[in-house]
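Me: Please examine the structure shown below and answer some questions about its sheet and its chain interface.

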Protein chains: 2
Amino acid sequence: MESPVVTPDRIVKLSLAFRAAKALLSAVELDIFTALAEGPLGLDPLRTRLGIDQRGARDFFDALVALGMLERDQHGRYGNTPETDLYLDRQKPTYIGGELVHFSTYVYPHWDLLTPALRTGEPQSGTRATGHYSALYADHTALETFLKGMTGGSLQVANAVATKFPWPDYETFVDIGTAQGGLPVQIATVHTHLTGGGFDLPPVRLHFERYGQEHGLAPRLQFYPGDFLAEPLPAADVLILGRVLHNWDLATKRLLLKKAYDALPDGGALIVYERLIDDERRANATALLASLNMLIMTAGGFDFTGADCIGWMREAGFRDLHVELLTDDQSMVVGTKQIDKSTGASAA
Amino acid sequence: MESPVVTPDRIVKLSLAFRAAKALLSAVELDIFTALAEGPLGLDPLRTRLGIDQRGARDFFDALVALGMLERDQHGRYGNTPETDLYLDRQKPTYIGGELVHFSTYVYPHWDLLTPALRTGEPQSGTRATGHYSALYADHTALETFLKGMTGGSLQVANAVATKFPWPDYETFVDIGTAQGGLPVQIATVHTHLTGGGFDLPPVRLHFERYGQEHGLAPRLQFYPGDFLAEPLPAADVLILGRVLHNWDLATKRLLLKKAYDALPDGGALIVYERLIDDERRANATALLASLNMLIMTAGGFDFTGADCIGWMREAGFRDLHVELLTDDQSMVVGTKQIDKSTGASAA
């Protein structure tokens with residue numbers, strides 16, 4: 001009697017998944033989806049348009065077809081799928097390709113160093129690993145790529161934060177570590193009664209203000225320059241820490257939560273959103289791998305579960321804590337600050 | 001009325017697939033599955049055994065759980081899954097990890113160069129790209145890793161070739177580009193009436209003979225040293241070109257098929273097996289990406305469809321051509337040589 005057949009197919013498929021990923025990332029780098037947003041193109045016109053050599057072009061385009069990222073019609077012309085047309089055409093406001101270019105040029109090569117990162121526990125990203133973004137922000141081109149990537153990568157979650165949080169109950173908000181201000185723009189667009197802004201390092205001001213102006217929100221959205229490690233956070237009814245805490249070690253995570261608590265008024269709220277690891281730590285591979293990304297990229301950063309975050313927020317004084325799903329892979333943890341009026345201290 | 005919701009989830013998931021792949025590849029490099037083949041281990045004993053730092057260990061192991069490559073019991077101890085135990089434990093003859101180590105240390109970093117490879121059409125692998133394996137074969141450690149990888153990666157397909165081809169109709173066979181001889185060993189084990197061997201560059205002899213002896217097949221399997229670009233192929237009833245043709249440009253593919261035809265007797269057969277691209281070039285992403293791997297790694301290599309291969313084999317003189325599926329992702333193209341007895345020429 002034979003035992004049930006165990007094949008290596010899943011192992012082989014997973015082990016080769018880097019090729020499929022890199023094909024898509026190179027396609028975004030080469031801006032193929034922007035080219036095809038104007039209409040389908042045959043093999044030679046498309047490769048000429050992109051400036052790629054004849055040798056690999058057909059295999060490349062057909063691989064993207066097989067991966068479901070392009071379509072090919074009966075005349076052999078290539079075109080975008082509905083999703084690549086909406087999210088990878090640089091001309092559309094829904095473009096998320098900035099984040100993919102960041103993956104392609106910066107994250108992919110650093111993941112070649114996963115094994116030494118695991119062996120040593122040390123980041124493999126040189127000066128960028130110190131935790132301060134100053135080095136990155138001093139390089140104007142790198143900063144622009146990074147900021148656009150952050151905006152593109154947070155469009156979906158920004159939309160979910162704008163619709164799922166009870167914004168009518170509040171007047172002001174500040175997004176901490178705001179980058180271009182993708183999140184404040186989204187929230188202020190949906191909720192016209194709100195004013196607020198974004199907090200980030202001084203070199204980000206220009207990018208934030210330009211992005212706000214492009215969306216006609218400059219009067220209601222202000223830039224707050226500062227270093228959240230060294231200075232207090234700005235005051236507002238609602239503060240947001242989105243994909244910030246995972247960059248930092250536990251002591252800094254706690255420090256930032258305490259600073260947020262201190263900056264809020266009585267009745268104010270903090271929103272933390274992240275790619276949370278599931279509490280059992282056995283289902284959400286994406287979040288666990290995001291934590292390994294922090295191992296490679298930062299000196300002390302790591303991702304965490306909703307239960308972890310609720311624990312740290314409770315220690316900082318927050319109450320009414322709950323976790324709510326935002327998108328396929330991201331959630332928010334919300335807590336409020338409630339001063340006990342009789343004593344002036346936080347309620348138990 | 002809103003249009004149907006198009007989310008970027010598939011794009012984001014595909015774009016990040018390199019992380020999941022690299023986590024598995026690093027796990028194989030660190031030999032975690034061999035360690036756990038002896039029995040489950042808790043977090044600290046496992047990380048100590050592997051020599052990895054505390055910082056990333058738990059995220060790494062839990063990511064492998066979430067990817068389905070490890071299990072974790074109610075005591076928090078990690079163990080192999082049935083498939084990782086069978087295929088990634090170095091102590092088992094079914095080990096395929098050699099190929100994954102090759103992916104991790106050589107293929108993954110070269111795929112960082114996909115974009116320049118596409119732009120230029122030029123290989124990105126330095127001296128190894130010239131087509132000759134001499135440079136690789138001169139480096140003993142690299143050669144051993146490569147050969148083991150080839151054997152591990154061809155175990156499944158070797159088993160399929162051994163069972164699906166009508167071997168009782170033939171007496172002798174030679175595997176061209178045999179590496180360690182994984183395929184001849186498999187065929188000779190199943191079919192005890194056969195004699196034959198493997199053809200490869202002279203530095204491979206030692207590895208081939210050792211592997212044959214380990215499997216008790218040394219008397220029936222002979223090593224044929226040679227350079228198939230410069231010399232004729234050895235004669236046998238059946239010749240096999242397995243994952244060889246894809247390494248070469250079209251002229252060399254045709255040359256090798258002609259040499260195979262010339263070396264076969266009347267009634268002899270040629271087996272070509274590869275990860276064939278589907279004839280429509282729109283379904284088999286793995287094979288299309290394998291062809292891009294040839295773009296990055298070789299001066300002229302590319303993968304092809306069954307229809308392409310049948311066309312080239314027909315031009316070389318082969319008849320009775322057909323394609324047969326071997327495994328999930330590989331197929332063989334079989335053709336025979338039939339001399340027309342009345343004229344001495346090949347039958348039309």
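Reply: Contact here means heavy atoms within 4.5 Å. The model is a predicted one.

Me: How many residues of chain B are in contact with chain A?

Reply: The two chains bury an area of about 7400 Å² between them, and carbon and sulfur atoms give 62% of that area. The side of chain B that touches chain A divides into 46 nonpolar, 19 polar and 19 charged residues. In contact with 84 residues of chain A, the number of chain B residues is 84.

Me: How many salt bridges are there between chain B and chain A?

Reply: One pairing across the interface is that of D59(A) with R281(B), a salt bridge whose closest N and O atoms are 2.8 Å apart. Residue pairs in polar contact between the chains number 37. For salt bridges between chain B and chain A, the count is 6.

Me: Which strands stand at the edges of the open sheet of chain B, and why is one side of each left without a neighbour?

Reply: The sheet has 7 strands with mixed pairing, in the order β5-β4-β3-β6-β7-β9-β8. Each edge strand has a single partner strand, so one side lacks a neighbour in the sheet; these strands are β5 (221-225) and β8 (319-325) of chain B.

Me: Which residue stands opposite V272(B)?

Reply: Strand β7 (residues 269-274) of chain B runs antiparallel to β9 (residues 331-336) of chain B, and 6 bridges join them. Opposite V272(B), in β9(B), stands V333(B).

Conventions. Residues are numbered from 1 along each chain as its sequence is written. Chains are lettered from A and ligands numbered from 1 in the order in which they are written. This is a predicted model: local features need pLDDT of at least 70, side-chain atom pairs count only at pLDDT 80 or more; totals for chains, interfaces and linings use all residues. Side-chain values use heavy atoms; hydrogens and water are left out. Two strands pair if DSSP finds at least two bridges between them. Helices (H or I, at least four residues) and strands (E, at least two) are DSSP runs, numbered from the N terminus. Buried area is the accessible area (1.4 Å probe) that two parts lose on being put together, summed over both. A salt bridge is a side-chain nitrogen of Lys or Arg within 4 Å of a carboxyl oxygen of Asp or Glu. A polar contact is a pair of N or O atoms within 3.5 Å; within protein, one must be able to donate a hydrogen and the other to accept it, and residues adjacent in sequence count only if both atoms are side-chain atoms. Ala, Val, Leu, Ile, Met, Phe, Trp, Tyr, Cys and Pro count as nonpolar, Asp, Glu, Lys and Arg as charged, and the others, Gly among them, as polar.
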